[in-house]
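Colleague: Got a minute to walk me through this one? I have the sequence and the coordinates open.

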Amino acid sequence: SSSLSRFDPQIAEAIADEVVRQQDHVELIASENYASPAVMEAQGTQLTNKYAEGYPGKRYYGGCEHVDVVERLAIERACALFSADYANVQPHSGAQANAAAFMALVSPGDTVLGMSLAHGGHLTHGAAPNFSGKHYHAVQYGLDEATGQIDYAEVERLANEHRPKLIVAGFSAYSQVVDWRRFRAIADSVGAWLLVDMAHVAGLVAAGLYPSPLPHAHVVTTTTHKTLRGPRGGLILSASGDEALYKKLNGAVFPGQQGGPLMHVIAAKAVAFREAMNQDFVRYQEQVIVNAKAMAGTFLERGYDVVSGGTEDHLFLVSLIRQGITGKDADAALGRSHITVNKNAVPGDPQSPFVTSGLRIGTPAVTTRGFDAEECERLAGWICDVLDVLARGEDTAAIEADVRQRVGELCTRHPVYPTPRQAAAVPA
Ligand code: PLP
């Protein structure tokens with residue numbers, strides 16, 4: 001047994017239980033994925049022991065010669081992957097990357113325009129309880145409720161009315177292609193900076209399957225753990241060529257927002273960027289989109305509403321308003337069926353943000369474990385089976401047990417971290 005299980009059996013057991021949960025449940029949370037063994041190996045190294053405040057070649061601590069190699073490689077690879085000429089690989093998370101970008105671009109009290117949380121934006125895009133809504137004068141845009149698409153005319157109107165210093169584009173729950181160029185034109189028309197948070201689609205962008213915001217935004221932020229499939233963390237990029245801005249961004253991350261960088265995580269980010277340069281990664285992202293379209297199509301066939309009518313990326317929103325089901329109840333029933341999704345507000349939602357009338361469904365994780373389009377269609381059908389019973393107001397215990405059984409078989413066929421023997425046993 002490992003020293004962890006001997007020294008701390010409670011923690012070791014909770015970790016072991018989580019490994020089993022990840023194997024035995026179908027993961028459809030759009031922001032989750034399974035990092036590769038190489039990424040996890042890099043993250044679980046002695047690099048966690050090292051203080052390295054500052055940047056490669058300009059550290060406040062001695063002994064940084066090896067971590068400098070790691071950080072330089074991570075920066076080089078991030079720039080190559082996204083055709084950027086600036087990368088900061090130190091943000092501990094997506095939220096911290098956004099906090100640093102705000103700090104570099106605007107001052108407290110300035111007006112910022114971002115997408116509302118209820119319409120698919122992130123907390124850090126100006127939501128009231130977040131730093132971005134508390135320290136700045138946040139104005140929020142949203143979707144056109146009829147089409148489920150971003151209401152660019154509203155963005156333009158709000159920009160003209162409020163003259164923001166910063167416009168934030170990007171999302172946590174949007175299934176269509178964002179017109180980055182149009183956002184830049186609106187920003188230019190009022191003299192605002194454009195920050196694009198591509199956290200959800202970074203992997204699709206890296207694979208060339210979703211338009212890159214790099215040619216349009218002054219600054220691009222992302223997480224590294226969603227479609228990009230790296231370790232949990234943040235990243236700031238730019239291709240603006242504005243050296244003064246790059247200096248400000250570096251200063252905003254350290255010493256502005258953070259102390260010592262997590263060098264073990266930066267090593268894992270570098271590994272993930274290298275993985276993302278492979279042709280295998282492009283094929284993976286293609287399958288992510290194929291699987292999302294297959295699932296969305298099944299919901300439509302079964303009579304459920306998909307916001308904006310379908311998907312062009314890795315996720316979609318199912319609106320349950322017509323069925324009168326809450327997102328909260330649907331999420332709970334699917335959880336008991338070993339299918340993990342998240343409740344999500346949808347356009348025109350009559351329910352509170354805690355209850356909602358929608359589900360957000362994403363395919364990055366199931367695609368990593370090898371589900372194909374046919375399996376994704378079947379899976380979507382099982383979800384509809386559970387929702388149908390909920391919609392009739394009947395007891396869901398029997399259908400949940402039935403789906404749990406089918407989910408178990410599918411999960412066994414596709415191990416998350418297959419041993420060599422399991423990998424060989426999976427039929428092609
Ligand atoms: N930006 C977007 C668009 C996100 O969806 C998220 C996370 O869900 C974040 C930022 C925040 O990332 P983190 O959870 O790493 O702080």
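Modeller: Here is a quick tour, from the overall fold to the sheets and the ligand.

Colleague: What kind of model is it?

Modeller: A predicted model.

Colleague: OK. How many helices and strands does the protein have?

Modeller: The protein has 17 helices and 15 strands. Its radius of gyration is 22 Å, close to the 22 Å that the globule rule gives for 428 residues, so the protein is as compact as a globular protein of that length.

Colleague: And what box do the C-alpha atoms fill?

Modeller: Roughly 60 × 60 × 40 Å, along the principal axes. Buried residues account for 50% of the 428. Take the contacts between residues at least 6 apart in sequence: 71% of them join residues at least 24 apart.

Colleague: Sheets next. In what order do the seven strands of the open sheet run?

Modeller: The order is 4-10-9-8-7-5-6, with mixed pairing. Strand 4 (86-88) and strand 6 (137-141) are the edges. Each has a single partner strand, so one side of each has no neighbour in the sheet. From one strand to the next, the twist averages 20°.

Colleague: Strand 5 sits next to that edge strand 6. Is strand 5 buried or exposed?

Modeller: Buried. Five of the five residues of strand 5 (residues 111-115) are buried, so the strand is largely enclosed by the rest of the structure. Thr-111, Leu-113 and Met-115 are on one side, Val-112 and Gly-114 on the other.

Colleague: Why the every-other-residue pattern?

Modeller: Side chains in a regular strand alternate between the two faces of the sheet.

Colleague: Which residue is the bridge partner of Met-115 in strand 6?

Modeller: Tyr-141. Strand 5 and strand 6 pair in the parallel sense, over five bridges. Strand 5 is also joined to strand 7, again parallel, by two bridges. There Leu-113 has Ile-167 as its bridge partner.

Colleague: And where does strand 7 go from there?

Modeller: Strand 7 (residues 166-170) runs parallel to strand 8 (residues 193-197), with five bridges between them. Gly-170 has Asp-197 as its bridge partner in strand 8.

Colleague: Which strands does helix 5 lie across?

Modeller: Helix 5 (residues 94-105) lies across strand 7, strand 8, strand 9 (219-223) and strand 10 (234-238). Its direction is at about 165° to strand 9.

Colleague: Switching to the ligand. How many residues surround it?

Modeller: 14. The closest are Ser-93, Gly-94, Ala-95, Ser-172 and Ala-199. By type, the shell has three nonpolar residues, 10 polar and one charged.

Colleague: Tell me about Ala-199. Which loop is it in?

Modeller: The loop between strand 8 and helix 9 (202-206).

Colleague: Why does Ala-199 count as buried?

Modeller: Because it has 28 C-beta neighbours inside 10 Å, and the cut-off for buried is 20 or more.

Colleague: What does Ala-199 touch?

Modeller: Leaving out residues up to four places away in sequence, Ala-199 touches Gly-94, Gly-170, Thr-222, Thr-223 and Lys-226. Gly-94 is also one of the closest residues to the ligand. Gly-170 is the bridge partner of Asp-197.

Colleague: Now the other sheet. How do the four strands pair?

Modeller: Antiparallel, in the order 11-12-15-14. Strand 11 (305-306) and strand 14 (342-343) are the edge strands, and each pairs on one side only. Helix 12 (residues 279-301) packs on this sheet and touches strand 11, strand 12 and strand 15 (358-362). The helix makes about 15° with the direction of strand 12.

Colleague: What about strand 12 itself?

Modeller: Strand 12 is largely enclosed by the rest of the structure, because five of its five residues are buried. Leu-315, Leu-317 and Ser-319 point one way, Phe-316 and Val-318 the other.

Colleague: And which residues stand opposite Ser-319?

Modeller: Asp-305 is its bridge partner on the strand 11 side, and Gly-358 stands opposite in strand 15. Two bridges join strand 11 to strand 12. Strand 12 and strand 15 pair over five.

Colleague: Last one. Where is Ile-15?

Modeller: In helix 2 (residues 9-24). Ile-15 is partly exposed, with 13 other C-beta atoms within 10 Å. Its C-alpha atom is 42 Å from that of Asp-179, which is 164 residues away along the chain.

Note on methods
Residues numbered from 1 in each chain as written. Predicted model: local features only at pLDDT ≥ 70, side-chain atom pairs only at ≥ 80, totals over all residues. Pairing = 2+ DSSP bridges. Contact = placed C-beta atoms within 7 Å. Axes fitted to C-alpha atoms, helices over the stretch in contact; angles between N-to-C directions. Near = placed C-beta within 6 Å. Nonpolar A, V, L, I, M, F, W, Y, C, P; charged D, E, K, R; others polar. Rg over C-alpha atoms; globule rule 2.2 N^0.38 Å. Buried ≥ 20, exposed ≤ 12 C-beta atoms within 10 Å, placed from the backbone.
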